[in-house]
Amino acid sequence: MAKKDPLFLVVVDDSEEMHQALRFACGRASAVGGKVGLMYCIAPAEFEYWAGVGELMRAEAREEAENNMAIHADYVRDLTGKMPVLYVREGDAREE
């Protein structure tokens, strides 16, 4: 069985700790030949009974997630020389 490179997963949010965790993950990934993974969690739409409104909210949240992830992905690429693995999930951040 082939050995897989370690993946250092960072949850992208608005906390100060996220930036420290991202810098640490980039350093560790570079040191051991691993990769950095970025996960952004979108809160589920609250307007489930209005499908059109819920879908619009979901699309806007997805666009915001992609824009936010692109900024952090560029930072990871600058520090490690590799593009990170990107995950966008919908649901409660702790469960995802």
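His72 is found in helix α2, which spans residues 51-80. The structure is a predicted model. This briefing considers His72, then the sheet, and finally a patch on the surface.

**His72 in helix α2**
- His72 has a relative accessibility of 9% and therefore counts as buried, since the term applies to values under 20%.
- When neighbours within four places in sequence are left aside, His72 is in contact with Val12, Met18, His19, Leu22 and Leu38.

**The sheet**
- Strands of a sheet pair through backbone hydrogen bonds, in either a parallel or an antiparallel manner.
- Here, three strands form an open sheet in the order β1-β2-β3, and their pairing is parallel.
- Strands β1 (7-11) and β3 (85-90) stand at the edges; each has a single partner strand, so one side of each is left without a neighbour in the sheet.
- On average, neighbouring strands of this sheet are turned by 25° against each other, direction ignored.
- Five bridges join β1 to strand β2 (residues 35-42) in the parallel sense.
- Leu9 stands opposite Gly37 in β2.
- Helix α1 (residues 16-32) packs on the sheet and touches β1 and β2; the direction of helix α1 makes about 170° with that of β1.

**A nonpolar surface patch**
- Leu7, Leu9 and Tyr87 make a nonpolar patch of about 270 Å² on the surface.
- Of these residues, Leu7 lies in strand β1.
- Leu7 has a relative accessible area of 41% and is therefore partly exposed, because that class lies between the limits of 20% for buried and 50% for exposed.

How values were computed:
Residues are numbered from 1 along each chain as its sequence is written. This is a predicted model: local features need pLDDT of at least 70, side-chain atom pairs count only at pLDDT 80 or more; totals for chains, interfaces and linings use all residues. Side-chain values use heavy atoms; hydrogens and water are left out. Two strands pair if DSSP finds at least two bridges between them. Helices (H or I, at least four residues) and strands (E, at least two) are DSSP runs, numbered from the N terminus. Axes are lines fitted to C-alpha atoms, for helices over the stretch in contact, and angles run from 0 to 180 degrees between N-to-C directions. Contact means heavy atoms within 4.5 Å. Buried means under 20% relative accessible area, exposed over 50%, partly exposed in between (1.4 Å probe, protein chains only). Patches are made of residues with over 30% relative accessible area and no salt bridge: like charges are joined within 9 Å, nonpolar side chains (Val, Leu, Ile, Met, Phe, Trp, Tyr) within 5 Å. Accessible areas come from the Shrake-Rupley method with a 1.4 Å probe; for residues, only the protein chains shown count as cover. A salt bridge is a side-chain nitrogen of Lys or Arg within 4 Å of a carboxyl oxygen of Asp or Glu.
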